[in-house]
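Subject: A structure to look at, with notes

Hello,

Please find the sequence and the structure below, and keep them open beside you as you read the notes that follow.

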Amino acid sequence: MAPEPPLLSMSGITKSFPGVRALDGVDLDVQAGEVHCLLGQNGAGKSTLIKVLAGAHQPDTGTIRWRGDDVTLRSPIAAMRLGIATIYQELDLVEHLSVAENVHLGHEPTAAGFVVRGRAAKASTAELLKRLGHPEVDPGQLVGELSAAQQQIVSMARALSHEVRLIVMDEPSAALDPDEVDNLFRIVADLTADGVAVVYISHRLEEIRRIGDRVTVLKDGRAVAGGLPAESTPTRDVVALMTGRNVEYVFPERPTSPPSAEPVLSVRGLARAGEFAPLDLEVRPGEIVGLAGLVGSGRSEILETVYGARKASAGQVLVDGSPLRPGSVRAAVRAGIGLAPEERKAQALLMLESVTRNVSVSTMSRFSRGGWIDRGAELGAARKATRELSLRPDNPSAPVRTLSGGNQQKAVLARWLLRGCRVLLLDEPTRGVDVGARAELYAVIRRLADEGLAVLLVSSEVPEVLGLADRVLVLREGRVVHEAPARELDEHRVLDLVMEGSPAS
């Protein structure tokens, strides 16, 4: 007897957007009743792949087979009709509607051709909530009044209200406490016992061993490993697949002695519930401090909280000893803090605007007079800042979207250089940058520090943290587990620290 075909088989999936190839021939197969974990760093292609599976994106090439038959997922409705449901990290619930109305949104119960509201919808919703182990959730309550965990249960109930055979869960544990995670895993176990397949996406590698059957790893839009056994594959191997180790790192020399000036940036007891525990750190003028840890360890969240883009639940951020107003980007920028975020195209750059406008956007008041902008002064200041960083081509009027990744990053740095910032927060500063441009950026960052900036750096590349930073704080699950001068650490020691306590590490 021939073996049963996979429930889902995606072969040679490609997808391109202007200027980027998001998926480059990805294969993925999922068996009925299994938890198939999809891993990869930000930008690896996970979100694009699940949007193709959900019918939200159409692949450029490749085939999708469902229960052995070729299918075309032209829309999310088409995917749902086949039995494929997707629960995104940012839940797509309607807060001003009730639980029952959200669960049945788009496929309300009917009788004699008329939509039935009220009792029928509430009764079926109550049954689904009971199946998910949350009978206490009131089907008539407004979704906006529920906790994050309860809202996630509502999303699951909505998926189960269809004849679902595969559920995609995108970072489902991100906003949950440990007890809620345990309940989530119980639900997943019950679903798979009924033959439902789950594609599970998470940055928390310890979860993969608890819940996963097989693992596929994406990197730079390619599946670099598929169908690995989740339980027996060493964590170190998974991390190596996710990050890669093929880049040649060329780092500038560090100062021979640590800076002696008083800290310009001080963080005292800073915390965000569910993201990172209270931590203390200081950065002096001329110093680069690195945060090392796996994706999901709280690194980026710490930078964004220091910058005021996230509001701390405890603690203080101080510049020159003066505390900043929590959750205020304006206060941070006025105090001299600048952020180069991980997703620079989406979060830092105005892609359709010129290099000049991207560099000057945080300093426009300097060039405004009576409601008019002095274009000559703006252009001259931008040109001076970009030349200091050797941005190429030397054409401030060029659209920033036409620049390479390394030069786009230089445009972001030039913005803060023009602003006169004293604290520079760098999140994945060389992501999407080729090898030659990396060396240039390393030299620029070191020079800015040597000129007196205090730099706080996050990178998924452990060699990058160790090569650039003067001091390193190692993070695991939102906590600082070690701090040392960078020259006293090596890559293996850092990986041991970030994975300590993980099974089969």
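A good place to begin is the pair of helices α13 (residues 375–388) and α14 (residues 405–419), whose axes come within 9 Å and cross at roughly 120 degrees. Because angles of 65 to 115 degrees count as roughly perpendicular and those over 145 as roughly antiparallel, this crossing makes α13 oblique to α14. The crossing of these two helices is right-handed. On the α13 side the contact is made by Ala381, Ala385, Thr386 and Glu388, while α14 brings Ala414, Leu417 and Leu418 to it. Sorted by kind, the residues of this contact between α13 and α14 are 5 nonpolar, 1 polar and 1 charged. Please bear in mind throughout that this is a predicted model.

Next comes the interior. The largest nonpolar core has 120 residues, and those with the most contacts inside it are Tyr200, Leu265 and Ile337. Helix α15 (residues 435–450) gives the most to this core, contributing 7 residues. There is also a second, separate core of 25 residues, which includes Leu7, Leu8, Val168 and Ala197. Returning to leucine 265, if we leave aside residues up to four places away in sequence, this residue touches Leu281, Glu282, Val283, Val306, Val317, Leu318, Ile337, Val423 and Leu456.

One of those neighbours of leucine 265, Val306, is among the buried residues of helix α9. Is α9 (residues 299–307) largely enclosed or largely open? Since 8 of its 9 residues are buried, helix α9 is largely enclosed by the rest of the structure. The buried residues of α9 are Arg299, Ser300, Ile302, Leu303, Glu304, Thr305, Val306 and Tyr307. Just after this helix, glycine 308 takes a positive phi of about 90 degrees.

Finally, I would draw your attention to valine 465, which lies in helix α16 (residues 462–468). Buried means under 20% relative accessible area, and valine 465, with a relative accessible area of 1%, is therefore buried. Again not counting residues up to four places away in sequence, valine 465 touches Gly290, Leu291, Ala292, Leu457, Ser459 and Val472. Although valine 465 and alanine 486 are 21 residues apart along the chain, their C-alpha atoms are separated by 8.1 Å.

With best wishes

Key
Residues are numbered from 1 along each chain as its sequence is written. This is a predicted model: local features need pLDDT of at least 70, side-chain atom pairs count only at pLDDT 80 or more; totals for chains, interfaces and linings use all residues. Side-chain values use heavy atoms; hydrogens and water are left out. A nonpolar core is a set of buried Ala, Val, Leu, Ile, Met, Phe, Trp, Tyr and Cys residues joined through side-chain atoms within 4.5 Å. Buried means under 20% relative accessible area, exposed over 50%, partly exposed in between (1.4 Å probe, protein chains only). Helices (H or I, at least four residues) and strands (E, at least two) are DSSP runs, numbered from the N terminus. Contact means heavy atoms within 4.5 Å. Axes are lines fitted to C-alpha atoms, for helices over the stretch in contact, and angles run from 0 to 180 degrees between N-to-C directions. Angles under 35 degrees count as roughly parallel, over 145 as roughly antiparallel, 65 to 115 as roughly perpendicular and the rest as oblique. A crossing is left-handed if the near helix is turned anticlockwise from the far one by less than a right angle, and right-handed if clockwise. Ala, Val, Leu, Ile, Met, Phe, Trp, Tyr, Cys and Pro count as nonpolar, Asp, Glu, Lys and Arg as charged, and the others, Gly among them, as polar.
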